[in-house]
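Visitor: I am new to this structure. Please take a close look at a single part, the aromatic rings, and then place that part among its surroundings.

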Amino acid sequence: GKDEVQYGYRFNRKTSEVLEKEESIPKNLKKVYRVIKTRFPDADIGKINNCTVNKFRPGQKIPPNIQHKRSGKKIVMLYIGTPWRYRMTNIKSSRCKHDSTLYSGTCLVLKDGSRNDWTFETASDNGGVRILITFRILRS
């Protein structure tokens with residue numbers, strides 16, 4: 001499967017339970033977040049307490065998922081890697097979909113309806129190694 005490292009407070013992907021704080025968020029990742037929120041003011045979610053770094057190998061994908069409410073009001077994702085197709089599907093009407101492409105350096109801010117009412121998934125293809133860095137505020 002994919003490689004995942006969670007810094008700060010962690011969460012259990014199966015139960016969405018917030019777990020104890022382990023390693024602090026590294027300074028270089030905090031700096032990346034500061035640059036993002038300076039460049040994109042809407043990406044300012046406050047004092048982050050979780051940073052998740054996922055590394056995907058060729059052929060791996062993100063299955064349809066929705067961010068749990070414990071992830072705070074906004075989630076900021078930074079994508080690094082080869083172009084990757086993604087889809088957002090409305091949970092109330094599966095016929096309502098949005099397809100697009102993540103390019104290296106893409107920053108997504110999921111908030112309000114995009115965080116609560118849509119699933120997010122990526123395609124499985126043979127692109128190169130891909131990194132997805134997610135910043136959030138976990139609430140217990």
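Guide: What follows starts with the ring pairs and then turns to the cavity and the cysteines. The model is predicted. A search of the whole structure finds 4 aromatic pairs. One of them joins Tyr 33 and Phe 135, with 5.3 Å from centre to centre and 40° between the planes, and the pair is classed as tilted. This pair links distant parts of the chain: Tyr 33 sits in helix α1, residues 27-39, while Phe 135 belongs to strand β9, residues 130-136, and 102 residues separate the two. Both Tyr 33 and Phe 135 are buried. Elsewhere, Phe 56, Tyr 79 and Trp 84 are linked into a cluster by ring pairs.

Aromatic residues also appear around empty space. The count is 1 cavity of 30 Å³ or more, and the largest cavity holds about 40 Å³. Its lining includes Trp 118 and Phe 120, along with Met 88, Leu 110 and Arg 115. Two elements, α2 (112-116) and β8 (118-122), each give two or more residues to this lining. By type, the lining residues are 5 nonpolar, 3 polar and 1 charged.

The cysteines complete the view. The structure holds 0 disulfides. A disulfide is a covalent bond between the sulfur atoms of two cysteines. Cys 51 has no such partner because the closest cysteine sulfur, in Cys 107, is 12 Å away, too far for a bond. Cys 51 is buried, at 0% relative accessible area, whereas Cys 96 is partly exposed, at 34%.

Notes:
Residues numbered from 1 in each chain as written. Predicted model: local features only at pLDDT ≥ 70, side-chain atom pairs only at ≥ 80, totals over all residues. Heavy atoms only, no water. Disulfide = S-S within 2.5 Å. Buried < 20%, exposed > 50% of the residue type's maximum accessible area, 1.4 Å probe, protein only. Phe/Tyr/Trp six-rings, centres within 6.5 Å; stacked < 30°, edge-to-face > 60°. Helix = DSSP H or I, 4+ residues; strand = E, 2+ residues; numbered from the N terminus. 1 Å grid on protein atoms, 1.4 Å probe; cavity = no way out; pocket = protein on both sides within 12 Å on 5 of 7 lines; lining within 4 Å. Points joined across faces, edges and corners; volume = space filled by probe spheres on them. Nonpolar A, V, L, I, M, F, W, Y, C, P; charged D, E, K, R; others polar.
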